[in-house]
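Good morning, and thank you for the opportunity to speak. I would like to take you through one structure, beginning with a single residue and working outwards.

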Amino acid sequence: MMKEFKRYLITTALPYANGPLHIGHLAGCYLPGDIYVRFLRAKKLDVKFVSGTDEHGVPITIRAMKENVSPQQVVDKFHEIIKDGFEQMGISFDIFSRTSNEIHHRTAQDFFLNLHEKGLFEERESEQFFDEEKQMFLADRYIVGTCPICGNPNAYGDQCEKCGSSLSPEQLINPRSVLSDAIPVRKKTKHWYFPLQNYEEFLRKWILEDHKDWKNNVYGQCKSWLDNGLQPRAMTRDSNWGVKVPLPDAEGKVLYVWFDAPIGYISATKELNNNWKDYWCREDTKLVHFIGKDNIVFHCIIFPAMLKAHGNFVLPENVPANEFLNIEGQKVSTSRNWAVWIDEYLKDFPGQQDVLRYVLCANAPETKDNDFTWKDFQDRNNSELVAIFGNFVNRTFVLMHKLCNGKVPPAHNTIMDDADKKMIREFSLTKTTIEDLIEHFKFREALFEVVDLARKGNKYMQDKQPWIVAKHTTDEGQLSPEAQQAIDNCLHICLQLCANLAIFINPFLPFTAQKMIHMMKVVDKMLDWENAGKTKLLSVGYSLRAPELLFRKIEDAEVAAQIEKLNKGLAESEKQKEKGAKQEADQKQKVESAKQKPEIAIDDFSKIDLKVGTILSAEKIEKADKLLKLEIDLGFEKRIILSGIAQHFSPEEITGKQVVVVANLAPRKMRGIESNGMILMAEDAEGKLHFVKPENIIENGSSVS
C-alpha cells in the first residue's frame, strides 16, 4: 500500500562556494528538484525546498590560497553569485542558506555531541600525510601525484579527474603537497571515527529490501558499497577552517565536511521555519534528496546512518540522483574552463531562461551520462519550442483574434465530431500520464508528454483548417452559421488546450507559463494542478490579449559564437596553465638556487685562490653557442679561460673589463681547449648574468679575501 504523506521536504546538494554555476550543476540536481517542487506546490501540498552553499570544503581553502585571500572572502563572494544564478534561472528555493551561518555551526556541533555522548565515536590515532614546510596535515585534495590507473601526473589524493577513478593518497605515485610541492611525510594525529560498519545490516534492509524502487544507478551503487563491506570513517579533520569539533581535546580539529554538509539541510530548515521538527522528525514527512551521482554514497549510506544513530529524524524516502552532463563530447572541467557558465548564458541569451531549462530537462542525464551540444540546443529550441509548442499557442491566438473577435468562442456540442472529442480526452489523459511520470522522477518523459500534447494540438488544428472554413461564405459574403460553429468549436478546444498547456508546462518552464496566463488574462491560481485536464478553464466570451511569441529562433551565428567561446576559454585556460607551470618551475629554481650549500669551515674557504684579472680578448668558439674563449691578464701571467656567457655578452662589450677569477681551479678541457680557471658571475631574478668585480680598477693579480 502506498504510504501517505502530509508534508514534503525537498533538498538539493549544497554547491561548493568556490566558483559560479554551470549547466552541469543545473542538470544534475537543481532543475529536477525545482520541477518536482513546483509540481507539488501546484498540487497545493505542504512542501519546503531547502539548500545552500557548502562553505567548508578543501576546494574553498585551495582557492583562497591561490587568490591570497581568506576563505571567508571566497565564500562570501560566491554565495551571492550562486544564489543570484539560481534566482535568475527560476530555481525556487524556500531558503538558500550557507554552512558558515552560526545556526549551522551550532546544529552540526549539537549533532556531533549527541553521537559522542552516546559513545558511538571511536577515538583513533593514525598516520596522516603532513607537509613539513607548511607545518600542517594535508587533506586528500591537498595531495597530488601520478594516478596509478591512467598515469595522469596531477591526480588528487581522492580522485583522478582525468579517468574518474576514486583514489586514496597512499595509491598516488610520487605524491607531493599542493601547498609547497614538498614530499609529504606521515605523522600521527587523532581523529573521531564513526562506526559505519555497525549500520550495515540496517542499511541493507532499508535500501536493498525497502527501497527497490530507487533508480538503478542509485540502488546499484549502494549495493556495491554494501557488498564490499563498510568501514569506520573519520568524521573530523585537521584544519582551521570549518565547524570546530566541540570537545576540549580537539584543538585544530574541524568536522569532516561530509559530516557537516548534509546537516546543512537541517540547519537551513531551522532557519526557515520554527516548526522545523515537523519536517524532520515526523514519519508522515516525505524527505527527498536531489543529488548528482558523485554524492550517492554520502546521501544514501553515510547520512542515513548518522540520522539513524542520532534518532528522532526521518530518513530519505528517495534519492533520485542524476548522472553527469558532458559538453560537446568532453567532461565538464572548471579548471580547464570547459563549461557553459550560467551568468554568461544569461548575458548572451537574455530572457531565454526557459530555453536552457527545456534543453537541460529534455536531455537530462537521468539514467546515463548525456551530452550537451550547442547544435542540439539550437535544434530543440527551433524544432520543438518554436515550431511545435510556441507555434500552436501563437496560431490559436492569432486565429481567435481574426475569426472570433478576440474572444473565447462557445462550444457547440451538437456538432462535436470524433476529432473534437478525441482532442478533449487528451487533456485528462495527458494529466494522468504527466502526474505519474513526475511522481516517479521521470521528468524527461513528462516534458515530452507536454510537447507531444502541443504536437497533437497542431495536427488537430491542421486537420480542422478553420482558416479554410472561414472562406466558405454565402453569396452575400456572410459566413454560414454551420461554418462559424465549426470554427468556434475548433478554436474553443484549442484555447482550452492552451490553458492546459500552461498548467502542464509550469513546473518545467515557469517563465513561459507566466507569459501564457498573461495572454489569457487569468491569475496564477489557474496554474493549480486541480485545474489540469479541465475543458472549461477559459470562459466563453472572455477577451484575451494579443499573441506574443513565446520563443524566438536561435540563429547559426549564435551557436557558432558559443562554440568559439568554449574553445577560446579552453585555449586560454591551457595557456594560463602553461604560464603558471613555468612560473612555478622558475620559482622552484629560484628557491633551489637560494638554498645555501653545506656549511664549510674557514680552512675550506682559505683553499680558494681568488685573483683580480683583466679580459684582454674574447672570441666565440665555433659550434659552441654558450662558450666564449677569454684571455685574462692575472698580473703574474696570462691565462685562457672558457666561460659559458656567450648568450649574455658579446666579445666586444666585455673586452677590457676587470673580473674575479678562481685561479687555483684544476684545468679542464672543453671543445679541445684547456680552460685554466673560472670567472665569478652573479645571476639576478630574471636570469641575467652580472660580473663580480672590484668597485674600482685595481692591480691585476690582487687577491680577493
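Let us begin with Cys-147, which counts as buried because its relative accessibility is 2%, and the cut-off for that label is under 20%. Please bear in mind throughout that this is a predicted model. Cys-147 sits in the loop that runs between β6 (143-146) and β7 (155-156). Setting aside residues up to four places away in sequence, Cys-147 touches Asn-152, Ala-155, Cys-160, Cys-163 and Leu-167.

One of those partners, Cys-160, deserves its own description. Cys-160 is located in the loop between β7 and β8 (173-177). Is Cys-160 buried or exposed? Its relative accessibility is 0%, so Cys-160 counts as buried. Apart from neighbours within four places in sequence, Cys-160 is in contact with Cys-147, Cys-150, Asn-152, Ala-155, Ser-165 and Leu-167.

The record has something to say here. In an unreviewed UniProt entry, the annotation "binding site" covers Cys-147, Cys-150, Cys-160 and Cys-163. These residues span 17 residues in sequence, yet no two of their C-alpha atoms are more than 8.8 Å apart, so they gather at one spot.

The same kind of record marks another stretch. UniProt, again in an unreviewed entry, places the short sequence motif called the 'HIGH' region at residues 15-25. That span is 27% helix and 0% strand, and its end C-alpha atoms lie 8 Å apart.

Now to the overall layout. The protein is divided into domain 1 (7-119 + 213-222 + 256-322), domain 2 (122-192), domain 3 (385-543) and domain 4 (603-703). Between the C-alpha centres of domain 3 and domain 4 there is a distance of 94 Å.

I turn next to an open site, the second largest pocket, whose volume is about 840 Å³. Which domains each give at least three residues to its lining? They are domain 1 and domain 3. The lining of this pocket comprises 30 residues, and those nearest the centre are Asp-213, Asn-318, Glu-439, His-440 and Phe-441. At least two lining residues come from each of α1 (23-42), α6 (216-228) and α14 (443-464), with α1 giving the largest share, 3 residues. By class, the lining of this pocket has 13 charged, 11 nonpolar and 6 polar residues.

Finally, the enclosed spaces. How many cavities of 30 Å³ or more does a search of the whole structure find? The search finds 2. The largest cavity has a volume of about 100 Å³. It is lined by 16 residues, with Pro-32, Asn-322, Ala-364, Glu-366 and Phe-443 closest to its centre. Here too α1 appears, giving the largest share of the lining, 6 residues; α1 and α11 (353-362) each supply at least two. The lining of the largest cavity divides into 12 nonpolar, 2 polar and 2 charged residues.

The second largest cavity has a volume of about 50 Å³. Its lining draws two or more residues from each of β2 (46-53), β3 (95-98) and α7 (257-272). Among the lining residues are Leu-14, Ser-51, Thr-53, Arg-98 and Ser-267. In this lining, 7 residues are polar, 2 nonpolar and 1 charged.

To close, I would return to the starting point: Cys-147, Cys-150, Cys-160 and Cys-163, annotated together as "binding site" in an unreviewed UniProt entry. Thank you for your attention.

Conventions: Residues numbered from 1 in each chain as written. Predicted model: local features only at pLDDT ≥ 70, side-chain atom pairs only at ≥ 80, totals over all residues. Heavy atoms only, no water. 1 Å grid on protein atoms, 1.4 Å probe; cavity = no way out; pocket = protein on both sides within 12 Å on 5 of 7 lines; lining within 4 Å. Points joined across faces, edges and corners; volume = space filled by probe spheres on them. Helix = DSSP H or I, 4+ residues; strand = E, 2+ residues; numbered from the N terminus. Nonpolar A, V, L, I, M, F, W, Y, C, P; charged D, E, K, R; others polar. Domains from an automatic or database assignment. UniProt positions renumbered as here; feature names shortened; annotations may be inferred. Buried < 20%, exposed > 50% of the residue type's maximum accessible area, 1.4 Å probe, protein only. Contact = heavy atoms within 4.5 Å.
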